[in-house]
Amino acid sequence: MAPHQEIEIKFCVAAVGALSRRLRASGFRLLTKRTHEMNTVYDFAGRPLFKRGELLRLRKYGPEWVLTHKAKGTTGRHKSRVETETKISDGARMHGILLALGLAPTFRYEKFRAEWSDGLGRVVIDETPIGTFGEIEGPSRWIDQTATALRIRRSDYITQSYAELFFDWKTKNRHRANEMTFAAVSPKRTRH
């Protein structure tokens, strides 16, 4: 997959059913039903990728594996950065290659994701251990038009990463979890 400019915002979702109805009413169709996703972020000792604002992630989405590099981006009303992805046939071997190159896992997060599209961009609904979030990804003007159609105010836009959201949540809730997984955040109520 060729690199592309990722432009997106997140927002909190109060009711998945209501958002799904608004998406349908706005001409979106469901591309991927609710699917489990596990993400592992990698970095070298001393975290140079993190310090440069970059991210290297190995994702398992349903049965598929994807390796993603996100370059340092810019954040204004929307978050924007170059993203390069490639599908991987064997996630365990890719993990081994990354370890052999001196990278190590630095953060894991999981969610259940459903993907919607109207042909111009996409909206995802992510059920995470710390709450349900939506993402709107596409051209800047389209993001704002879609947000308006979905009744999302600009003051509700979130440009933080899931790692940033998790560590803010962890501080606010004085939680001991070190990763954003259902087992770590709510070990008694792991959902699948």
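Here are some questions and answers about pockets, one helix and one strand residue in this predicted model.

In this predicted model, local features need pLDDT of at least 70 and side-chain atom pairs count only at pLDDT 80 or more, while totals for chains, interfaces and linings use all residues. Residues are numbered from 1 along each chain as its sequence is written, and side-chain values use heavy atoms, with hydrogens and water left out.

Me: How much space lies in the largest pocket?
Reply: A pocket here is an open set of points on a 1 Å grid over the protein atoms alone, where a 1.4 Å probe fits, with protein on both sides within 12 Å along at least five of seven lines; lining residues have an atom within 4 Å of a point. Grid points are joined across faces, edges and corners, and the volume is the space filled by probe spheres set on the points. For the largest pocket that comes to about 1200 Å³.

Me: Which residues that line the largest pocket are the closest to its centre?
Reply: The lining has 50 residues to pick from. The ones closest to the centre are Leu55, Arg57, Arg59, Lys70 and Tyr109.

Me: Which element gives the largest share of the lining of the second largest pocket?
Reply: Helices (H or I, at least four residues) and strands (E, at least two) are DSSP runs, numbered from the N terminus. β1 (4-12) and α1 (16-25) each supply at least two lining residues. The largest share, 3 residues, comes from α1.

Me: Why do the buried residues of α3 sit on the same side?
Reply: In α3 (residues 91-100), the buried ones (under 20% relative accessible area, 1.4 Å probe, protein chains only) are Gly91, Met94 and Leu98. The face turned away carries Ala92, Arg93 and Ala100, which are exposed (over 50%). Gly91, Met94 and Leu98 share a side because, going by directions from the helix axis to the C-beta atoms, they cover an arc of only 55°.

Me: Which residue caps the N-terminal end of α3?
Reply: Look for a side-chain oxygen 3.1 Å from the backbone nitrogen of Ala92. That oxygen belongs to Asp90.

Me: Is Ile88 buried or exposed?
Reply: Ile88 lies in strand β6. Leaving aside neighbours within four places in sequence, Ile88 is in contact (heavy atoms within 4.5 Å) with Trp65, Val66, Leu67 and Met94. Its relative accessibility is 18%, so Ile88 counts as buried.

Terms used. Polar contact = N/O pair within 3.5 Å; in protein donor to acceptor, adjacent residues only side chain to side chain.
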